[in-house]
Every structure is written in C-alpha cells, then in structure tokens.
Protein chains: 2
Amino acid sequence: MKQFNTLLLASLLSLQAQAADWKALPDVAPAPADNPNTAAKIELGKMLFMDPRFSSTGTVSCNSCHNIMEGGDDSRSVSMGVHGKTGGRNAPTVWNSAFHSVQFWDGRAPLLEDQAKGPVANPIEMGMKDVETAMNRVKKIPGYKNVFDKAFGKNSMTVDNAAKAVAAFERTLITPNSPYDKYVKGKGNAMNKQQIRGMNTFAEVGCVACHSGPAFNGPEQKLGEGFYVMFPTFNNEYVTKYKLDKDKGREEATGKATDRSMFRVPTLRNITDTAPYFHNGSVNDLGEAVRVMAKTQLNQTLPEKDVNDIVAFLGALTGEYPEITMPRLPATSGTSIIEE
Amino acid sequence: MKQFNTLLLASLLSLQAQAADWKALPDVAPAPADNPNTAAKIELGKMLFMDPRFSSTGTVSCNSCHNIMEGGDDSRSVSMGVHGKTGGRNAPTVWNSAFHSVQFWDGRAPLLEDQAKGPVANPIEMGMKDVETAMNRVKKIPGYKNVFDKAFGKNSMTVDNAAKAVAAFERTLITPNSPYDKYVKGKGNAMNKQQIRGMNTFAEVGCVACHSGPAFNGPEQKLGEGFYVMFPTFNNEYVTKYKLDKDKGREEATGKATDRSMFRVPTLRNITDTAPYFHNGSVNDLGEAVRVMAKTQLNQTLPEKDVNDIVAFLGALTGEYPEITMPRLPATSGTSIIEE
C-alpha cells in the first residue's frame, strides 16, 4: 500500500481538482504478507478462476460472472448461477478488486482469499455442497497436482491454497494507464475538455467525498477494514423506482440494525464497461446512475450538462486491460467429474 | 483437402497397422473456397466465439459448451443452455471439427459456417429469437464495427459474415503432433509398446472400418458430404443400459426412416479429454466406451487386455493445443444489452 503516492500536477489541474487529491492507480496491487504473488501461484489461480468444473453443473466458473474478457462482470442486473438461478445482487467487477480493502457489496469477506471461497458453495452461484467437495473435484483432475506443487510445494492441495492462488491471480487484474491516470501524471491532453470539466464537477458536487483515492472507492484502508456508506441516504422517487432500499446491505452480513443500507463504496474504474449499475443492477444507463447518485447521496438535481460532463469524466477512468493467455485446463483423462 | 497425404512408415508398423493406412493430422484444416482464412477473420471469430452476450441471458457463448480451454466440450453428458435447460445430445468437441465434412451428430449442417448459426437460435442453447436478433446485439456493441470492417470490408455486419468469422476461427482449432502423429511420421518411440499394441488391435478388430483417416472420423469426403454409420448396429444389453437407440439420429434431421439411428462418425482425436461419451453422453469411462463400441458395432466382446490397449492407443491421439490469447470483448459503454 506504500505505492499509493499522490502524483499531483497542480499546474494542469483546476483548484477543485487539486483539492480532491487525485491519485493514479498504482502499478501493483497490495497483497497480504502471507500471500505474496508468484508466477506459479498466478498461473494456478488463473486455471482455477477459469475452470467451470468446480460448480455442481460444470457450467459456472469465477469467470462466468466476472468475465475478464469483458469488464470483469457479466452485463446482467443480477448474476445467473447453476440451473439458471439468480440472486439479488449485481456482480461487482473483478478488475481492480485488489484495491478494495474488503470484498462483496456488504464487505463480508475481508480479503480476496476469503471472497474466493464464497461463490463456490453458494447454492445459487456455483452450487457445490461445500468448498471441500469442490476441492475434491480439483483433486480428481490429475494435472492440477503438479501446478499446486509448483505454487505451494508438495501435498499442498488445500482449499486455503486454492483460494490464495485465485487471489494472487486477481491481484494481477488491474488496469492502469487510463486517460485519467495519464492526466494526473502530467499528460495534459490525455483527457479532453469535457472530461476535465467533468472531473471538476465530480469534485465540486461532492462525488469525491466517497469516491476518492486511486480506485475511486474511498480513503485508503487496511486490508480487511472497509469503507461503508449508507445507500440510499436521501429518500426520493428514484429510491422507489429502482427499489434501492429493498436490500438491507451490510445488515445482511452482520445482523446489526446500524448496518442497515450500508454498502462498501464500489470502484468507479472501467465503469463504462460494467453496466448495469448499483448493488441490484437496477439502472442500465450510466447517465441515469449519475442522476440517481446525485439525488440519493447528495440531495442534488444535477443539470444535464453536468451529468454529461461527469459521464465523460467517468469514461476517462477506463484503463489498459492486460493481455492474458488462456489457461489449458487439465483433463480428467477418459472420465468426467460432473455428475449433475 | 490436398494435405491429406499418407505418411506411411512401413518399417515401423505392423502389417495390420500398414493395412490401416495410418495418416497424420494435416497442419492446416480445409476451408471452403468462399471463406479463406485471414488473420482479421480469425480474430473476429474468436471474439464472437467467446462472447456470451449473444445468448438471451448473456450467460452462454459458443465456448460455454465447446470450451477451448478444455477438450472443446463441456464435461457434461448433455449440454446446459440458457436458464439451465438441457437437450438430448452431448456437445461434440470443437477441436478438429474442421476435419469433419458435415457438422452436428446428425450432419444437419454441411459446413462450420452453417453450424455456427444453429445454437444461437435454439431455445435450449443460446435462446435468441433468431439469428438476426442476435446480430442486432452485435451491432449494438460499438467496438465490433471496426473488427468487421477489417475482416470483411465496410457495411459487413451480417449474420453470414459473423458465421464465416466463427468458422474461420474454428479452422485454427486443430491439434497436430500427438504421439500418434509423431509415430506415423517416423518417430518410433513416440508411442509406447502398449499404445502400438493398441493401434494394431484397433485395426485388427475393425474399429478402423469407420474410424479411419487423419481425424479417425472416416474416409475423406467433400465438405458437405457426410460419412454416416448406424449406431447401434447390433442389439445387446449395452443398448438398453445406455439407452443408445432412443435417439433417432439423422432421421431427426431428414425425416427419412432410412436415416434412423444413422450418426456422423465422430473424431477420436483428444478423446481422453472429452468424456463423457456417445451422442447422449451416457458412458463416462473410455474403457467402457470401447467395450460398448466393440459389442454394438462389431458384435465382439473384447478381452480386457485389448480394451486397455485400445484405451492406451486412444490416449496417443491427444495432440498439441495451440496457445490462445483471450480476446478483449468490446464494451457497450455505459449500458447493457442483456434484458433477460
């Protein structure tokens, strides 16, 4: 987390922009001390992430809902798991998820290592009985043993190591060098005039109160400590129209009434690639999402010009996706492990 | 198809093996005259093949059932399409499908270009109303226009061109250099003794009557002309146990009683990576599949030693899968095109 250096270039930015303390995305994502990234772990993690055989039907992998060939999500309002089942929440993008200090909309997993275990045993996601049953599937695929050996040493085929590998891979899924990043690093023409205007409006109207920091997901936190904000804060016609108060947010995870409607602030990076929007995926247009946020969080009705400028600025947050080679998923050699 | 050269190396092979006219997989798959492969078409085809947004739910791509990170199928007895729906047939591998002269188990599509259009509008596969509706989705994704322009010229966003691109990509999905290929090209130690024994048994007992040629899917045919065989030919306890005669085969496609139980002969390449087996995916073990084939097609009960030798030989048909870079699927920019 030491890489979160501020790279202000005051001469190029307006006063408001300066005040917002704009930061570029670090080149490396933070990792916990007990799971430093290695090439072998990343390769194993990529295989596990892309392999659908650890879902009950053999049809759902991590990548099904967090498609890294797209914006790291699934273009759906709520995701579709095994047997066409759907839940109540929108799949957050996996891109730059390593810059979140907690995982899931309600922050119920402190680290990516913990998050990775969740969907596997969720009956409406990957639908396995439990993570150990999923791990038994991994063990039945002979080709995985050698990859675990390389990543973690002998006799290392455990749920915890599988989760560590997936998390290590996810920490490579970051998108630096957006027009915004280039701009704050000093390339004045990396953003156009409308985008710069939008950046200032974004700061002036107060979006930046929550969407701050290099990933636009709040102030820097220790891994495992979350930054939560009440959504919706102000009641209005959007709340009814988009059913924004139906989900209890973090209360679902903690059972505490004080956590009612509290959500982890999501990153805004690559947001043009991750429609539809909000925890329930109820809004399918980025302009409308900006209107809703201004009204429900800041109690403001923005002029359409400001909405358009902010949307233009948000478009400048789309970074460079790294090129990724498809993993070769080892065969079970003359038999299948999918029973459902 | 001129590349189907016989590369016999008589001195290394037994008399039976020679008699079988063993052929290595060509380095290039045949393509129809009106759709020669180009790099731009292949790139577009890869994108379309991997993109799940052309299914009604946004969850099913070509790759969902023909996973090129695995054996080109889905490890399931019968595939699972949108909303968890299932059909009656096993997904054939897309690897080396370019060496089939007709497509689908019943040969109802003459070319890969025709096949590519089928699953899109099938209600239990990708579930779109029709292929034009799917093409409208492609048109709504701004980033595809440029890729079509490069592949086919201006104003080229048509269903036919999309299908041509997918077919062009699929013609690159071939797996040469299996131990078998190396062996028949002269590398005597590329197969072990059991595999060589299995190869001879495969020829002696008569498997090679149907599973001949470089892809082990029958004699060379013109593209569009199929090689069909009745399955099952002999009635026995396996037919009942695995419900092998329930599917009417090619009769389903033609309506002709003479096509009852006729199936295109599938390739045996990479067969250890494509369990479960048969048109209905009813057999989950390659050894059992060999026993069933010997009994139902050749009316023979093979000694277990022969079964094991043939399985070992079939393992030598797994070739080299090419390394493939994940495509970057263009975003719809601040909106989603998935409604279901």
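Tutor: Let's start with a definition: a helix axis is a line fitted to the C-alpha atoms over the stretch in contact, and angles run from 0 to 180 degrees between N-to-C directions. Keep in mind that this model is predicted.

Student: OK, so what makes H12(A) and H13(A) a packed pair, in terms of distance and angle?

Tutor: The axes of H12(A) and H13(A), which covers residues 304-315, come within 9 Å and cross at roughly 115°. Those are the right two things to ask for, because two packed helices are described by the angle between their axes and the distance between the axes.

Student: Is that crossing left-handed or right-handed?

Tutor: H12(A) and H13(A) cross in a right-handed way. On the H12(A) side, the contact is made by Leu286(A), Gly287(A), Val290(A) and Arg291(A). H13(A) brings Val307(A), Asn308(A), Ile310(A), Val311(A) and Leu314(A).

Student: How many of those residues are nonpolar, polar and charged?

Tutor: The split is six nonpolar, two polar and one charged. Gly287(A) is part of this contact, and Gly counts as polar by the rule used here.

Student: What do the same descriptions give for H2(A) and H6(A)?

Tutor: H2(A) is residues 39-50 and H6(A) is residues 143-152; their axes come within 8 Å and cross at roughly 145°. This crossing is left-handed. Ala40(A), Lys41(A), Glu43(A), Leu44(A) and Met47(A) of H2(A) meet Val147(A), Phe148(A), Lys150(A) and Ala151(A) of H6(A). By class, that contact has six nonpolar, no polar and three charged residues.

Student: Now for burial. Why is Asn96(A) called buried?

Tutor: Count the C-beta neighbours: Asn96(A) has 26 inside 10 Å. The cut-off for buried is 20 or more, so Asn96(A), with its 26, counts as buried.

Student: What else stands out about Asn96(A)?

Tutor: Asn96(A) has a positive phi of about 65° although it is not a glycine. You'll find Asn96(A) in the loop between helix H3 (62-65) and helix H4 (112-115) of chain A.

Student: Which residue of chain B has a positive phi without being a glycine?

Tutor: That's Phe216(B), with phi near 60°. Phe216(B) is in the loop between helix H9 (193-205) and strand S1 (228-230) of chain B. With 25 other C-beta atoms within 10 Å, Phe216(B) is over the bar of 20, so Phe216(B) is buried.

Student: And why does Thr240(B) get the label it has, exposed or buried?

Tutor: Thr240(B) has 10 other C-beta atoms within 10 Å. A residue is exposed at 12 or fewer, so Thr240(B) is exposed. Thr240(B) belongs to helix H10 (residues 237-241) of chain B.

Student: What about Val205(A): buried, exposed or partly exposed?

Tutor: Val205(A) has 19 C-beta neighbours inside 10 Å. Partly exposed lies between the 12-or-fewer and 20-or-more limits, so 19 makes Val205(A) partly exposed.

Student: Which residues is Val205(A) in contact with, leaving aside its neighbours within four places in sequence?

Tutor: They are Ala294(A), Leu298(A), Gln300(A) and Leu302(A). A contact means that the C-beta atoms lie within 7 Å, so each of these four passes that test with Val205(A).

Student: Where are the cis peptide bonds you mentioned last time?

Tutor: One joins Phe231(A) and Pro232(A), with omega about -5°. Another joins Ala275(A) and Pro276(A), with omega also about -5°. Pro232(A) is in the loop between strand S1 (228-230) and helix H10 (237-241) of chain A, while Pro276(A) is in the loop between strand S2 (262-264) and helix H12 (286-298).

Student: How many residues do domain 1 and domain 2 of chain A put into their contact?

Tutor: Domain 1 is 10-26 + 176-315 and domain 2 is 39-170. The contact takes 30 residues from domain 1 and 23 residues from domain 2. Their centres, taken over C-alpha atoms, are 27 Å apart.

Student: And how many residues of chain A and chain B are in contact?

Tutor: 38 residues of chain A are in contact with 38 residues of chain B. The chain A side has 14 nonpolar, 16 polar and eight charged residues.

Student: Last one: why be careful with residues 1-18 of chain A?

Tutor: Where pLDDT is low, the predicted coordinates should not be read in detail. In residues 1-18 of chain A, pLDDT stays under 50. Chain A as a whole averages a pLDDT of 93.

Terms used
Residues numbered from 1 in each chain as written. Chains lettered and ligands numbered in written order. Predicted model: local features only at pLDDT ≥ 70, side-chain atom pairs only at ≥ 80, totals over all residues. Helix = DSSP H or I, 4+ residues; strand = E, 2+ residues; numbered from the N terminus. Left-handed = near helix turned anticlockwise from the far one by under 90°. Contact = placed C-beta atoms within 7 Å. pLDDT = per-residue confidence, 0-100. Domains from an automatic or database assignment.
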